[in-house]
Amino acid sequence: MTDPAGRLDRLPVGPWHRRLTAIVGVGAFFDLYEVFLGGVLAAVLAESWHLSGTEKSWLIASGFLGMFVGANVLSVLADRFGRRKMFLVNLGLYSLFSLTCAFAQDATQLSVLRFLAGLGLGAELVLVDTYLAEFLPRKVRGRYIAWAYTLGFVGVPVAALLGARLVAKHELFGIDGWRWLLVAGALGAAFIQVLRTGLPESPRWLAARGRHTEADAVVRDIEERAGTRPDAVPAPRSEPAVPAAPVAPARKVPLGRMFKAPYARRTVMWWIFQVLQTVGYYGFGSLAPVVLQAKGHTVTESLSYAALSYLGYPVGSALSVPLIDRIERRTLIIASALGIAAFGLVFGFADASWLIVGSGFLLTVCSNVFSNAFHVYQTEIFPTDLRSSAIGIAYSLSRLTSVVLPFVAIDVLDDLGPDAVFVGSGVLMLVLCLNVRILGPRTTGRRLESI
């Protein structure tokens with residue numbers, strides 16, 4: 001049989017799609033969990049390890065530096081060797097080195113080990129987006145990817161609240177509370193990795209590599225699980241099923257295509273976007289405990305307020321589900337980015353605890369409407385043979401920005417206060433909105449192959 005992409009798009013959505021979405025999507029939890037850990041470690045260890053401002057910055061930045069390298073390397077390898085193989089590598093690396101982080105004895109050791117853990121985590125979200133987009137029927141692509149992230153982000157406030165309690169108790173069974181947070185992340189990632197061993201390879205990727213027999217076998221298996229036959233669901237009249245032309249296996253990932261029409265404009269737009277979104281999205285997650293300490297709150301209070309604010313992550317992710325296939329992705333990205341800017345300003349100027357938590361909660365609600373919209377959007381603007389590489393290289397720029405951000409933000413925080421940090425963030429989010437509106441294409445409801 002030919003046209004695996006068309007057959008996948010025409011399948012009725014059922015339990016197999018939901019199970020795939022759950023197993024793949026819950027890995028998104030570890031990305032934000034790692035962001036949360038950076039802020040916790042910097043806040044908790046500042047006193048006990050007598051950390052300087054630079055050492056605090058490196059504890060936050062080291063994981064992001066590893067993600068930068070990992071996103072570049074593993075995402076390109078995913079286009080070369082397959083999505084499934086890289087899924088079996090990335091969380092395995094993260095689990096191993098996150099566990100070794102728990103045994104670190106000083107800031108230097110911990111920073112190096114967090115860098116190595118970040119290597120494995122770097123391509124996680126890239127692979128989640130790419131893999132799900134290539135399996136899910138176009139009519140539910142946005143909603144199901146949003147559900148995938150919602151499952152992952154449900155665990156974030158739980159982890160944050162647990163972290164605040166562990167840190168407050170200082171020790172559990174004679175071991176520092178912050179070390180248990182690292183152990184929990186490692187064991188959780190290992191469990192998800194075991195679940196992923198049964199995942200099939202992407203038929204779209206197999207077809208793009210010229211491996212049509214294998215692609216057909218995977219699609220047939222999915223069709224059987226869905227209780228349908230290859231010829232049972234006719235193609236819509238507007239998009240007739242056209243036999244796919246044989247594609248010769250490529251020897252290397254054609255990265256140069258990113259800079260040729262029609263993808264050059266999209267590549268430039270997405271590189272700018274990934275640099276700017278880091279400030280609004282990851283900046284809050286990683287710096288909130290440090291900012292609250294600068295406002296005069298204790299470590300325990302800072303972590304508790306941050307944890308309550310993080311409740312907005314799963315709420316925002318769930319809120320995006322009914323919106324993401326009804327509102328054009330580009331429009332939804334812009335509207336939610338404006339919300340991040342507005343509530344970030346309130347958070348930066350707030351003194352009352354209820355206003356800090358309330359504005360932080362609303363900021364994170366907007367953050368995950370924004371995040372889910374752009375994670376779907378980026379899978380739609382690049383072709384299959386380039387998708388993982390193009391997304392991963394752009395995503396790595398956000399990780400590189402995250403490396404620099406703590407050094408700049410903490411200096412601004414020390415010299416000018418939290419107000420200046422969030423004013424600067426708000427201005428950059430406005431620039432992001434203009435970038436997407438001017439350079440971004442419309443994608444909602446269209447086949448991946450037609451965008």
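**Reading contacts and surfaces**

Me: Asp221 has a relative accessible area of 32%, which makes this residue partly exposed. What sort of model am I looking at?

Reply: A predicted one. As for that label, partly exposed sits between buried, under 20%, and exposed, over 50%. Asp221 falls in between at 32%.

Me: Is Arg225 buried or exposed?

Reply: Arg225 is exposed, because its relative accessible area is 55%. Its side chain meets that of Asp221 in a salt bridge, at 2.8 Å from N to O.

Me: Where do Arg225 and Asp221 sit along helix α11?

Reply: They are 4 residues apart in helix α11 (residues 212-225), so about one helical turn separates them. Elsewhere, salt bridges with shared partners join Arg141, Arg143, Asp325, Arg329 and Glu380 into one network.

Me: How many salt bridges does the structure hold?

Reply: There are 17. To spot one, look for a Lys or Arg side-chain nitrogen within 4 Å of a carboxyl oxygen of Asp or Glu. Try Arg387 and Glu134, whose closest N and O atoms are 2.8 Å apart. This pair links distant parts of the chain: Arg387 is in helix α18 (residues 384-416) and Glu134 in helix α7 (residues 124-135), 253 residues apart.

Me: Are those two partners buried or exposed?

Reply: Arg387 counts as buried, at 1% relative accessibility, and Glu134 is buried too, at 0%. Now try another pair: Arg179 and Asp176 meet in a salt bridge at 3.5 Å, N to O. Arg179 is buried at 12%, whereas Asp176 is partly exposed at 26%.

Me: Okay, helices next. What describes a packed pair?

Reply: Two packed helices are described by the angle between their axes and the distance between those axes. Here, the axes of α5 (residues 83-101) and α6 (residues 107-121) come within 6 Å and cross at roughly 165°. That makes α5 roughly antiparallel to α6, since angles over 145 degrees get that label. The α5 and α6 crossing is left-handed.

Me: Which residues form the nonpolar patch on the surface?

Reply: Leu345, Phe349, Val423, Val427 and Val431, with about 400 Å² of accessible area together. Two elements give two or more residues to the patch, α16 (329-349) and α19 (418-439), and α19 gives the most, with 3. Phe349 lies in α16 and is partly exposed, at 47% relative accessibility.

Me: What about Leu430, in helix α19: how far is Leu430 from Leu338 in space?

Reply: 6.9 Å, C-alpha to C-alpha, although the two are 92 residues apart in sequence. Leu430 itself is partly exposed, at 43%.

Conventions: Residues are numbered from 1 along each chain as its sequence is written. This is a predicted model: local features need pLDDT of at least 70, side-chain atom pairs count only at pLDDT 80 or more; totals for chains, interfaces and linings use all residues. Side-chain values use heavy atoms; hydrogens and water are left out. Patches are made of residues with over 30% relative accessible area and no salt bridge: like charges are joined within 9 Å, nonpolar side chains (Val, Leu, Ile, Met, Phe, Trp, Tyr) within 5 Å. Accessible areas come from the Shrake-Rupley method with a 1.4 Å probe; for residues, only the protein chains shown count as cover. Buried means under 20% relative accessible area, exposed over 50%, partly exposed in between (1.4 Å probe, protein chains only). Axes are lines fitted to C-alpha atoms, for helices over the stretch in contact, and angles run from 0 to 180 degrees between N-to-C directions. Angles under 35 degrees count as roughly parallel, over 145 as roughly antiparallel, 65 to 115 as roughly perpendicular and the rest as oblique. A crossing is left-handed if the near helix is turned anticlockwise from the far one by less than a right angle, and right-handed if clockwise.
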